[in-house]
Amino acid sequence: MDEPSPHDAGREAAANARPDPPGQPAVIGIALAAVLTAAFAQGSWQWFSTYIGVTLLALVLIFYRLPARTPGPGSAYARNLIAYAMVVGLCVAIALAPALQRRAWLFPMPGTRDECPALGAYAAVRAEAALGDLADRDPAALARAREAQRHEAVADCLSATTTLWLPVYGAGAAVLAGLGAWALDRARTRKGKGTAAAPGNAP
């Protein structure tokens, strides 16, 4: 059996040391498709959206790698950084949506939630008018129906309001993610240049 030459052995070692491409476009495409599907879903934001957002966020953070940092707004690094930041922002927005709908302190937009209780009260009155014959036969059932209609109307109102303002939170998360990734890559580049320029690393 022929022994491999040193040149072939070195080339094989380099190939083995090179990491497999992580399929970055596929990861971004899957994340975008899933996030947009959840974003345009009808009805109230449920906590399963948080699970979807966190899962996609973990997928992007673990498997996506930005290219080598290069200067210039039109460089491949800048384009990839923008796409990366926008996907992270979408994932964060989807993950936060149920909490934003249910927690007023997470949603500090004055006046945006004020009409929701009034809509709930109106829905309860409508339910009582439609089911007025239950007042004599089963008052408890009528009360439950009124409460169910009120709760559904308030939840739909809060969901619509959350969806309306969700791009603001997504954009904020995207800006933070982009700045964080850029700062981290900049620090790594400076560290790499400093290590290469150290006297002990000279060839």
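Which residues does Pro-67 touch, not counting residues up to four places away in sequence? Pro-67 touches Ala-76, Tyr-77 and Asn-80. The legends below start from the whole chain and come back to this residue. The model is predicted.

**View 1. Overview of the protein chain, with seven helices and zero strands.**
Read from the N terminus on, the elements run α-α-α-α-α-α-α. The protein chain has 203 residues, and 30% of them count as buried. About 13300 Å² is exposed by the chain. Carbon and sulfur atoms supply 66% of that area. Take the contacts between residues at least 6 apart in sequence: 75% of them join residues at least 24 apart.

**View 2. The salt bridge between Asp-185 and Arg-188.**
A search of the whole structure finds one salt bridge. Its partners are the side chains of Asp-185 and Arg-188, at 3.9 Å from N to O. Side chains of opposite charge can pair when their charged atoms come close. Both residues belong to helix 7, which spans residues 139–197. They are three residues apart there, so about one helical turn separates them. Are the two partners buried or exposed? Asp-185 counts as buried, because its relative accessibility is 13% and the cut-off for buried is under 20%. Arg-188 is exposed, with a relative accessible area of 54%.

**View 3. The second largest pocket, lined in part by helix 3 and helix 7.**
This pocket has a volume of about 270 Å³. Which helix gives the most to its lining? Helix 7 does, with six residues. Helix 3 and helix 7 each supply at least two residues of the lining. Val-60, Leu-61, Tyr-64, Arg-65, Leu-66 and Tyr-84 are among the lining residues. Ala-177, Gly-180, Ala-181 and Leu-184 also line the pocket. So do Asp-185 and Arg-188, the two residues whose side chains meet in the salt bridge.

**View 4. A nonpolar surface patch made by Leu-61, Ile-62 and Phe-63.**
The patch covers about 290 Å². Phe-63 is found in helix 3, residues 48–63. Phe-63 counts as partly exposed, because its relative accessibility is 42%. Leu-61, a member of the patch, is also one of the residues lining the second largest pocket.

**View 5. The surroundings of Asp-185 in helix 7.**
Which residues are in contact with Asp-185, leaving aside its neighbours within four places in sequence? They are Leu-66, Arg-69 and Tyr-77. Leu-66 also appears in the lining of the second largest pocket, as does Asp-185. Pro-67 is 118 residues away from Asp-185 in sequence. In space, the two are 9.9 Å apart, C-alpha to C-alpha.

**View 6. Pro-67 in the loop between helix 3 and helix 4.**
Helix 4 covers 76–102. Pro-67 counts as partly exposed, at 32% relative accessibility. Ala-76, Tyr-77 and Asn-80 are the residues that Pro-67 touches, not counting residues up to four places away in sequence. Tyr-77 is in contact with Asp-185 too. Leu-81 lies 14 residues from Pro-67 along the chain. The C-alpha atoms of Pro-67 and Leu-81 are separated by 8.8 Å.

Key. Residues numbered from 1 in each chain as written. Predicted model: local features only at pLDDT ≥ 70, side-chain atom pairs only at ≥ 80, totals over all residues. Heavy atoms only, no water. Salt bridge = Lys/Arg side-chain N within 4 Å of Asp/Glu carboxyl O. Helix = DSSP H or I, 4+ residues; strand = E, 2+ residues; numbered from the N terminus. Buried < 20%, exposed > 50% of the residue type's maximum accessible area, 1.4 Å probe, protein only. Patch = residues over 30% accessible without salt bridge, like charges linked within 9 Å, V, L, I, M, F, W, Y side chains within 5 Å. Areas by Shrake-Rupley, 256 points an atom, 1.4 Å probe, with all protein chains shown as cover. Contact = heavy atoms within 4.5 Å. 1 Å grid on protein atoms, 1.4 Å probe; cavity = no way out; pocket = protein on both sides within 12 Å on 5 of 7 lines; lining within 4 Å. Points joined across faces, edges and corners; volume = space filled by probe spheres on them.
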